[in-house]
Amino acid sequence: MKLSKEIKRCMDKSVLCWLATTSKDNTPNVSPKEIFTHYNDDCVIVANIASPQSVKNIKHNPKVCVSFLDILAQKGFQVKGKAEILTKSHTHFPDMENLLTQMTEGKFPFATITKISVEHVKPIIAPKYILYPETTEEEQIASARKAYGL
């Protein structure tokens, strides 16, 4: 499945994403990830920085979910797919590493990258948009700014 321009824009505006994995005994794990982006039109890549449980879980069960959102507009996306852990020997690692290193400014070293091949995407929206369909993004952003003291 391809990532639309809207999904990529949202991902670019998001500060964190949350990567959901499961362990060998099916215990769920959700971990915030700061360094992530889209790669080509059908993958999400994540720098593995302090991610031992996520990496271990993916090696056992590659099915993952990654979610990200614009915290002020309170809209985003949930992406499900198959993940693999890439090492420096992978053909595309240098290209991916370059994208992620630009984001870290070299301050967060990482030796592996999680590559998620996108299989399914669904929008995430705050309940207010559903309960009060006349709610505009501008109103939601103003409300979030007030709530967060911004």
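Here is a chat about a predicted model of one protein chain.

Me: What should I know before I start reading off residues?
Reply: Residues are numbered from 1 along each chain as its sequence is written. This is a predicted model, where local features need pLDDT of at least 70, side-chain atom pairs count only at pLDDT 80 or more, and totals for chains, interfaces and linings use all residues, while side-chain values use heavy atoms, with hydrogens and water left out.

Me: OK, how many helices and strands does the protein chain have?
Reply: Five helices and seven strands. Those are DSSP runs numbered from the N terminus: helices are H or I with at least four residues, strands are E with at least two. Along the sequence the pattern reads α-β-β-β-β-α-β-β-α-β-α-α.

Me: And what's the radius of gyration of the protein chain?
Reply: The protein chain has 16 Å, and a compact globule with 150 residues would be near 15 Å, so the two agree. That radius is taken over C-alpha atoms, and the globule rule is 2.2 Å times the number of residues to the power 0.38. The C-alpha atoms fill a box of roughly 50 × 35 × 30 Å along the principal axes.

Me: How much of the chain is buried?
Reply: Buried residues make up 41% of the 150. Buried means under 20% relative accessible area, exposed means over 50%, and partly exposed is in between (1.4 Å probe, protein chains only).

Me: What about contacts between residues far apart in the sequence?
Reply: Take the contacts with a separation of 6 or more: residues 24 or more positions apart account for 68% of them. A contact means heavy atoms within 4.5 Å.

Me: Switching to rings. How many aromatic pairs are there?
Reply: Two. Rings of Phe, Tyr and Trp (its six-membered ring) pair if their centres lie within 6.5 Å; planes under 30 degrees apart count as stacked, over 60 as edge-to-face, and the rest as tilted. One pair is Phe 36 with Phe 68: the centres are 6.4 Å apart and the planes sit at 35 degrees, so this pair is tilted.

Me: Where in the chain are Phe 36 and Phe 68?
Reply: Phe 36 is in strand 3 (residues 36-39) and Phe 68 is in strand 5 (residues 63-70). They are 32 residues apart, so the pair links distant parts of the chain. Both are buried.

Me: Which other ring does Phe 68 pair with?
Reply: Phe 77, and that pair is tilted too, at 6.3 Å centre to centre with 45 degrees between the planes. Phe 36, Phe 68 and Phe 77 form one aromatic cluster. Phe 68 has 1% relative accessibility, so it counts as buried, and Phe 77 counts as buried because its value is 10%.

Me: What lies over the face of Tyr 129?
Reply: Lys 75, at 4.6 Å from the ring centre. A charge sits over a ring if NZ of Lys or CZ of Arg is within 6 Å of the ring centre and within 35 degrees of the ring normal.

Me: New topic: strand 1. Is Thr 21 there buried or exposed?
Reply: Thr 21, which is found in strand 1, is buried, with a relative accessible area of 3%. Its side chain makes a polar contact of 2.9 Å with the side chain of Asn 57. A polar contact is a pair of N or O atoms within 3.5 Å; within protein, one must be able to donate a hydrogen and the other to accept it, and residues adjacent in sequence count only if both atoms are side-chain atoms.

Me: And where is Ala 20?
Reply: Ala 20 is in strand 1 too, which covers residues 17-22. At 24% relative accessibility, Ala 20 counts as partly exposed. Leaving aside neighbours within four places in sequence, Ala 20 is in contact with Asn 29, Val 30, Val 64 and Cys 65.

Me: What does the side chain of Asp 25 touch?
Reply: Asp 25 lies in the loop between strand 1 and strand 2 (28-33). A polar contact of 2.4 Å joins its side chain to that of Ser 23, and another, of 2.7 Å, goes to the side chain of Thr 27. Asp 25 counts as exposed, at 58% relative accessibility.

Me: Last one: what's the phi of Asn 40?
Reply: It's positive, about 55 degrees, although Asn 40 is not a glycine. Asn 40 is in the loop between strand 3 and strand 4 (43-47), and at 52% relative accessibility it counts as exposed.
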